[in-house]
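The exercises below are meant to be worked through with the sequence and the three-dimensional view open side by side. Try each task before reading its solution.

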Amino acid sequence: MYANSIKTLRQIIHELRRAIPQGNLKDNLAIRYLFDQYRLFNMTDQQICKAKDEVLFAANTYLCYLRSSRIQQEIHNQYHGKGERSVKETANIVGFKLPHDPK
């Protein structure tokens, strides 16, 4: 359980670093809140009778949200209309190759 929790925390920090490329993450309010929550719920199962791995589930859900948001933005940037495209560019986007002119 502890190893999964640390792994999830590291992955969330990695995603936040990609989402907020400028500045120092040490001063970021999201990072501070994340660490505070991890410290607060360090022994949730023993202190409060909550469902097993409930906090870890919430952290994994947040990680999934961060990843999905980043991937959605990458896909949007890749396929968003940038004006008129040539036939060759359009074929490359969808994975087709144009036949060569036999002349």
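**Exercise 1. The nonpolar patch**

Task: In this predicted model, find which residues make the nonpolar surface patch of about 570 Å², and state which helix gives the most to the patch.

Solution: Begin with the members of the patch, which are Ile 71, Ile 75, Tyr 79, Ile 93, Val 94 and Phe 96. Next, assign them to elements: helix H4 (54-79) and helix H5 (87-94) each supply at least two residues, and H4 gives the most, with three residues. As a check on one member, take Ile 71, whose place is in helix H4; its relative accessibility is 38%, so Ile 71 counts as partly exposed.

**Exercise 2. The overall fold**

Task: Describe how many helices and strands the chain has, and what share of its residues count as buried.

Solution: Counting the secondary structure gives five helices and zero strands, and reading along the sequence gives the pattern α-α-α-α-α. Of the 103 residues of the chain, 17% count as buried. The accessible surface comes to about 8,700 Å², and carbon and sulfur atoms account for 58% of that surface. Finally, consider contacts between residues at least 6 apart in sequence: among these, 51% join residues at least 24 apart.

**Exercise 3. Helix H4 and the core**

Task: Work out which residues of H4 are buried, what covers them, and which elements give two or more residues to the largest nonpolar core.

Solution: The first step is the helix itself, which has 26 residues and reaches 37 Å from its first C-alpha to its last, close to the 38 Å expected at 1.5 Å a residue. The second step is to pick out its buried residues, namely Leu 56, Ala 59, Leu 63 and Leu 66, whose cover includes helix H1 (2-19) and helix H2 (29-40). The third step is the largest nonpolar core, a set of 11 residues that includes Ala 59, Leu 63 and Leu 66 together with Leu 9, Ile 12, Ile 13 and Leu 34. H1, H2 and H4 are the elements that give two or more residues to this core, and the largest share, four residues, comes from H1. Contacts can be followed from Leu 34, which touches Leu 9, Ile 12 and Ile 13 when residues up to four places away in sequence are not counted.

A further residue to examine is Thr 8, which is placed in helix H1 and is buried, because its relative accessible area of 5% is under the 20% cut-off. Leaving aside neighbours within four places in sequence, Thr 8 is in contact with Tyr 38, Leu 56, Ala 59, Asn 60 and Leu 63.

**Exercise 4. Salt bridges**

Task: State how many salt bridges a search of the whole structure finds, and trace the network that includes Arg 70.

Solution: The search finds four salt bridges. Starting from Arg 70, one partner is Glu 15, with the closest N and O atoms 2.8 Å apart; this pair links distant parts of the chain, since Arg 70 lies in helix H4 and Glu 15 in helix H1, 55 residues apart. At 4% relative accessibility, Glu 15 counts as buried. Arg 70 also meets Glu 74 in a salt bridge, at 3.3 Å from N to O, and these two residues both lie in helix H4, four residues apart, about one turn of the helix. Glu 74 counts as partly exposed, at 39% relative accessibility. Putting the steps together, the network of salt bridges links Glu 15, Arg 67, Arg 70 and Glu 74.

Notes
Residues numbered from 1 in each chain as written. Predicted model: local features only at pLDDT ≥ 70, side-chain atom pairs only at ≥ 80, totals over all residues. Heavy atoms only, no water. Buried < 20%, exposed > 50% of the residue type's maximum accessible area, 1.4 Å probe, protein only. Contact = heavy atoms within 4.5 Å. Areas by Shrake-Rupley, 256 points an atom, 1.4 Å probe, with all protein chains shown as cover. Patch = residues over 30% accessible without salt bridge, like charges linked within 9 Å, V, L, I, M, F, W, Y side chains within 5 Å. Salt bridge = Lys/Arg side-chain N within 4 Å of Asp/Glu carboxyl O. Expected span 1.5 Å × (residues − 1). Core = buried A, V, L, I, M, F, W, Y, C linked by side-chain atoms within 4.5 Å.
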